[in-house]
Amino acid sequence: LFKLTTSGVFPNRPLPTVAKGTHVIIPLVEDLEDDRWEAAVVKQDDKRIKLSVNSLPTAAIGRYQLIVETNCASGKAVSTHNPANDIYMLFNPWCEDDTVFMDSDDERQEYVLNSVGRIYYGTQNQIGVRTWNYGQFHDGILAACLYVLEKSGTPPSGWGDPVNVVRVISAMINSPDDLGVVEGNWSGDYSLGTSPTFWSGSVEILNEYYKNSGTPVKYGQCWIFAGVVTTVLRCLGIPSRTVTNFSSAHDTDVSLTTDVYLDENLDPIAYLNTDSIWNFHVWNDSWMARPDLPPGNGGWQAVDATPQETSQGTFRCGPASLAAVRNGHVYLKHDSPFVFAEVNSDKIYWQRNVDGTFTQIYSEKKTVGHFISTKAVGSDERNDITHLYKHPEGSEEERIAVETACRYGTKAQTFSSPTAEDVSVEVTMEGEGPKMGGDAELSLILRNSSSEQRKVFLHSQVAVMYYTGVHKATVRKDRTDVDLLPNEGEWRF
């Protein structure tokens, strides 16, 4: 009798058990069959035997130690553990029975095997790009990625489910609450570490984290969190890509809207204005089936490791089905309300009344979520995937998705149905847009499409903001009263 045994190696964990799939006994059989752990002899040469081993597509990924047990006439023998013989189990997007299966070879080449990518940044009018070295096959990176997984403290029995693994990695790449890989810093002072703009790849970051026994690496911002997530997921066998959303909303109260609060004089109320719109924000898509969701919600899933809001008490986000986000089905896990707000929330202006309550006075429906971008398959071109996250802006399907989503938000009772908007406001800028050190000439255009004259009270404010939407300083404020003639009457300022 020949018996092969593998058992997971997890420091400071309960002993591996057969029932939880962390201790696997592999019998020797004549012919291999699917859907079970087995081994068959391929070649025998004197005392050397070459085996073919069949593993389960649902097996927990991670590092396993290998022990060989033999029984023969002279007695029983058990091999001693040799770390050099440890086996590393990964997800397999080439296997049809694996939940991360991807049937396009070109897409597997791009989203699993490509070790260099492009990450987009800037504004929707000035899209920049930086090259990023994912380096998932670099020496030491597999060990570092599995170290991140092991350091999470999550039960290894759940590591066969990519939904769970992606959720763990989303939490572990940022440092709050679990001393994860990267410490975020948006202060502008990076004297105690490395400026986020210095990094050009994930290898140095992951190796430094591993070498320093889990000390968070200083410092990162959104594109670094996303770049490292892409490296770790591709290394573990989960197809992944880095995604940039321009004019990306940060909803802080699960209202599914981006809210601006104004006082009786239409001045911003700073302590209430916690929602923001970032020039750009970078996260990830990962590819997997979603047997835990209704049919049609598999495929690309949004994952965000930048520590913005907690999910079930931990700074993490996703995986959220892009199909669910696109249709406003924010009741489907995980964190689809937050992702929906990032790409398709309405910007709502609220004015404080004399009695302290607030009334909705204006809404902008096309401000958030533009030019959602990722590297194209097989080339360095930018691929616009906005259509995967939302229906065409302003279409009936898109409006239905917004209204569906907002019914599940914290302001469901105050979200108003569409109303006639016969006065429009447009802000334009000459040339290619703002440039550092140059003047910015803005034009305000008001149009009246109704058959009646309209009186407009125009409040304008120019402010300096960080790319995250955080207010820095007010440059100029104006109030102008305008009378607009009926039927396409136009006023410019």
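**Exercise 1. Place Val 129 in the fold and classify its exposure.**

Step 1. Val 129 sits in strand β9, residues 127-133. Strands here are DSSP runs of E, at least two residues, numbered from the N terminus. The model is predicted: local features need pLDDT of at least 70, side-chain atom pairs count only at pLDDT 80 or more, and totals for chains, interfaces and linings use all residues. Residues are numbered from 1 along each chain as its sequence is written, and side-chain values use heavy atoms, with hydrogens and water left out.

Step 2. Apply the accessibility classes: buried is under 20% relative accessible area, exposed over 50%, partly exposed in between (1.4 Å probe, protein chains only). Val 129 has 33% relative accessibility, so Val 129 counts as partly exposed.

**Exercise 2. Which residues does Val 129 touch, not counting residues up to four places away in sequence?**

Step 1. Use the contact cut-off: heavy atoms within 4.5 Å.

Step 2. Val 129 touches Arg 118, Ile 119, Tyr 120 and Tyr 121.

Step 3. Check one pair by C-alpha distance. Val 129 and Arg 118 are 11 residues apart along the chain, and their C-alpha atoms are separated by 6.4 Å.

**Exercise 3. Describe the protein chain as a whole.**

Step 1. Count the elements: nine helices (DSSP runs of H or I, at least four residues) and 27 strands.

Step 2. Take the extent along the principal axes. The C-alpha atoms fill a box of roughly 105 × 50 × 45 Å.

Step 3. Assess burial. Of the 493 residues, 45% are buried.

Step 4. Look at contact range. Among contacts between residues at least 6 apart in sequence, 62% join residues at least 24 apart.
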